[in-house]
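Biologist: Please take a close look at the ligand site in this model. I would like the contacts set out one by one, followed by the sheet and the helix that lies across it.

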Amino acid sequence: MSSGEESPLDLDRLEAEALNLLGEASNAGALDAWRVRFLGRSGALTSVLRGLKDVSPADRPQVGARANRLKTTLEEFWKSKQEALREEELRLAAQFTLDVTLPGKTFPVGRIHPINRITREICRIFTAMGFQVVEGPEVEWDYYNFEALNIPKDHPARDMFDTLWITPEGSEGLKPMLLRTHTSPMQVRVMEKTSPPVRVVVPGRVYRYEATDATHESMFHQVEGLAVDEDVTMADLKGTLYTFARALFGQERQVRFRCDYFPFVEPGVEVAVDCFVCQGKGVHADGQGCRLCKGTGWLEVFGAGMVHPQVLRNVGYDPRRYRGFAFGGGLERIAMLRYGIDDIRLFFSNDLRFLRQF
Ligand code: FA5
């Protein structure tokens, strides 16, 4: 036989090879490559058919018929393989199809902690009055926490703050360092860095070495306020805290100012709001004493006063020219009043049943 001729044996081998490879094709890409190789325009079978002209006239009908049969066979096998692959593809896709009738999955969503919530609410009220929000260090020097606030070493007022010391108390040669017992040190830090007018609120964590109970924690939060300018008076302090109390606890609230002592203010006051549960009466209509204010009709919110002239001198302000007011209060206590919580320890015991209520 001349070149290009295929003996029936060669066609048998071609058929066996083609069917063997077709069986191995496991995806559309492989199937397509198979089709090009055996049935394509330059494929193996096409070149057999093209070569028929070179086959001897005697053999041509037989070889031609065999080649045509093979072409039909390969095309049929190819088609059914194509269908089988498509079905398999559909079956796999069906496994990942979304069943819209299934109930939805719920993902747990975090919530804002009540202390962050009350902090934001309080800061919003003060920023609306022109105060700036600033924050400061929790690990603090004795100087800022006490000395600069007119509480020198051995001053009895240090007993008001049960302090957690970083450096051992009385250690020689070390600048005493502590966990701040209140946010008031930020009064000094802010004034040292700024010239009047000053208007800031400072929320933040504070620490005290005390036993915990329903109203005391050893780590809690305070918010500090400070305003200094040439003509700031006690009336400004009263007006500011009235506005605050009414924004947070209700428009009809009354505010009470009573004398109190803090070494860094003069005069010093304790600020209370009339109880919004019993409306300041201390008792309910049924004669029961009010649990929130414990029958007093008042809720204590802040310590406050006019910035002591010595504190102004300590930061380089002239107390004959500048005056200021300051206030500070516990955020947990305010949140307890605002949300009706009766135990401070709930805030940081990580009980989700409590936290989910906010
Ligand atoms: C102060 O800390 C002053 N720095 C407040 C101040 C600022 C006065 C500016 C004048 C001018 P006091 O020690 O009273 O004050 O604490 C203020 C508030 O912190 C208290 O009214 C209370 O709400 C809260 N507080 C105090 N100790 C605790 C505690 N152990 N746990 C939770 N809250 C507390």
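Modeller: A polar backbone atom of Glu217 lies 3.0 Å from a nitrogen atom of the ligand; this and every other value here is computed from a predicted model. His182 contributes through its side chain, one polar atom of which is 2.9 Å from a nitrogen atom of the ligand. At Gly330 the contact is again with the backbone, where a polar atom sits 3.3 Å from an oxygen atom of the ligand. The ligand taken alone exposes 680 Å², and the protein buries 90% of that area. Around the ligand there are 23 residues, and the closest are His182, Ser184, Arg208, Glu217 and Gln222.

Some of these residues fall within strands: Gln222 belongs to the span of E6 (219-229), and Gly330 to that of E10 (323-330). Both strands are part of an open sheet of 7 strands with mixed pairing, in the order E1-E5-E6-E10-E9-E8-E7. Its edges are E1 (132-133) and E7 (255-260), each of which pairs on one side only. Strands of a sheet pair through backbone hydrogen bonds, in either a parallel or an antiparallel sense. For E1 and E5 (residues 198-207) the sense is parallel, over 2 bridges. Gln132 has Val200 of E5 as its bridge partner.

Helix H5 (residues 114-128) lies across E1, E5, E6 and E10. Relative to E5, helix H5 runs at about 165°.

Conventions
Residues are numbered from 1 along each chain as its sequence is written. This is a predicted model: local features need pLDDT of at least 70, side-chain atom pairs count only at pLDDT 80 or more; totals for chains, interfaces and linings use all residues. Side-chain values use heavy atoms; hydrogens and water are left out. Two strands pair if DSSP finds at least two bridges between them. Helices (H or I, at least four residues) and strands (E, at least two) are DSSP runs, numbered from the N terminus. Contact means heavy atoms within 4.5 Å. Axes are lines fitted to C-alpha atoms, for helices over the stretch in contact, and angles run from 0 to 180 degrees between N-to-C directions. A residue is near a molecule or strand if one of its heavy atoms lies within 4 Å of it. A polar contact is a pair of N or O atoms within 3.5 Å; within protein, one must be able to donate a hydrogen and the other to accept it, and residues adjacent in sequence count only if both atoms are side-chain atoms. Accessible areas come from the Shrake-Rupley method with a 1.4 Å probe; for residues, only the protein chains shown count as cover.
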